[in-house]
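Colleague: Got a minute to walk me through this one? I'd like to poke at it before I go back to the bench.
Modeller: Sure, pull it up.

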Amino acid sequence: MLEAVAAHRDADGSYLDPHTAAVELLNVLRPTVAITWFITFAAHALHRFPAVRDELRRDDGAYARAFAHEVRRCYPFVPFAGGLAARDLRFGAQDVPEGTLVLLDVAGHHRDPDLWPEPHRFDPRRFLGREPGPGELIAQGGGNARTGHRCPGEGITVHLLATLAASLADLEFGVPEQDLRIPVTRIPTRPRSGMTVRIPARSMDRVPAR
């Protein structure tokens, strides 16, 4: 990627200026790092809920996608999302003047019992046979990616997370003693130990191609 950016020439034959080149590199690095956070959470979920592994091993693809959605619902990649009110508005009984900083409680939204039956239960089956609505699962923002505050790379994230989670389920990985608590005071958060796993070489030999 660095080579592609450094060697790129515009229509007039000029190289990218340093600022634009840096932005282009960040546009690749940021989502790559973000996806590794979700993969870490997926490994954490497979360790905490081992029955899910068997479901993923028998899966034809639908369960893996549902698992990806449930990981994003249950694990706090961000606790809240912020934005400035673009104009004066009224939300319920609350007046919100233009320019007000508004914080959306992402973690609270994903655990609201009015929206999610048994919200504290990790249950990928809640997403089987359906895709979450634009205001339902907001791990990467809400609304429409073209017009709202939503990550345009969400679809790629879900696909990669589903694919890699299924591959992880095929591995007989072990989890050594470590601190897997997830602090809510760290942004973005992660398991305190970072989630270390051990994969025997014989397990790698049995992983099917996906």
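**Chat about the model**

Colleague: Is Phe67 buried or exposed?
Modeller: Phe67 is buried, at a relative accessible area of 0%. Buried means under 20%, exposed means over 50%, and partly exposed is in between, using a 1.4 Å probe and protein chains only.

Colleague: What sort of model am I looking at, and how are residues numbered?
Modeller: It's a predicted model, with residues numbered from 1 along each chain as its sequence is written. Local features need pLDDT of at least 70 and side-chain atom pairs pLDDT 80 or more, while totals for chains, interfaces and linings use all residues, and side-chain values use heavy atoms, leaving out hydrogens and water.

Colleague: OK, the big picture then. How many helices and strands?
Modeller: There are 7 helices and 4 strands. Those are DSSP runs numbered from the N terminus: H or I over at least four residues for a helix, E over at least two for a strand. Going along the sequence, the pattern reads α-α-α-α-β-β-β-β-α-α-α.

Colleague: What share of the protein is buried?
Modeller: Buried residues are 33% of the 210 residues. The C-alpha atoms fill a box of roughly 55 × 55 × 35 Å along the principal axes.

Colleague: Back to Phe67. Which aromatic cluster does it belong to?
Modeller: Phe67 forms one aromatic cluster with Phe49 and Phe122. Rings of Phe, Tyr and Trp (its six-membered ring) pair if their centres lie within 6.5 Å; planes under 30 degrees apart are stacked, over 60 edge-to-face, and the rest tilted. A search of the whole structure turns up 4 aromatic pairs. In one of them, the rings of Phe49 and Phe122 have centres 4.8 Å apart and planes at 0°, so that pair is stacked.

Colleague: Where do Phe49 and Phe122 sit along the chain?
Modeller: Phe49 is in the loop between α2 (18-48) and α3 (51-57), and Phe122 in the loop between α5 (106-109) and α6, so to speak distant parts of the chain, 73 residues apart. Phe122 is buried at 11% relative accessibility, whereas Phe49 is partly exposed at 23%.

Colleague: And how do the rings of Phe67 and Phe122 meet?
Modeller: Edge-to-face, because their centres are 5.8 Å apart and their planes are at 75°. Phe67 lies in helix α4, so that pair ties together parts 55 residues apart in sequence.

Colleague: Switching to helix packing. What angle do α4 and α6 make?
Modeller: Helix α4 (residues 62-74) and helix α6 (residues 154-170) pack at about 115°, with axes 8 Å apart. Axes are lines fitted to C-alpha atoms, for helices over the stretch in contact, and angles run from 0 to 180 degrees between N-to-C directions. The two helices are therefore roughly perpendicular; that label covers 65 to 115 degrees, with under 35 roughly parallel, over 145 roughly antiparallel and the rest oblique.

Colleague: Which residues of α4 and α6 meet?
Modeller: Phe67 again, along with Ala64, Arg65, Ala68, His69, Val71 and Arg72 of α4, against Glu154, Val158, Leu161, Ala162 and Ala165 of α6. Contact here means heavy atoms within 4.5 Å. Those residues divide into 8 nonpolar, 1 polar and 3 charged. Ala, Val, Leu, Ile, Met, Phe, Trp, Tyr, Cys and Pro count as nonpolar, Asp, Glu, Lys and Arg as charged, and the others, Gly among them, as polar.

Colleague: How do α2 and α6 pack?
Modeller: At about 40°, with their axes 10 Å apart. The contact includes Ile35, Phe38 and Leu46 of α2 and Leu161, Leu164 and Ala165 of α6. It divides into 12 nonpolar, 1 polar and no charged residues.

Colleague: What about Tyr75, where is that?
Modeller: In the loop between α4 and β1 (80-84). Tyr75 counts as buried, at 6% relative accessibility. Beyond neighbours within four places in sequence, Tyr75 contacts residues including Phe49, Phe122 and Ile182.

Colleague: Last thing, the backbone. Which peptide bond is cis?
Modeller: The one from Ile187 to Pro188, with omega near -10°. Pro188 is in the loop between α6 and α7 (201-205). Met195 is in the loop between α6 and α7 too, and its phi is positive, near 70°. Glu118 also has a positive phi, about 45°, although it is not a glycine. Most residues other than glycine have a negative phi, and most peptide bonds are trans.

Colleague: Are Glu118 and Met195 buried or exposed?
Modeller: Glu118 is exposed at 53% relative accessible area, while Met195 is buried at 10%.
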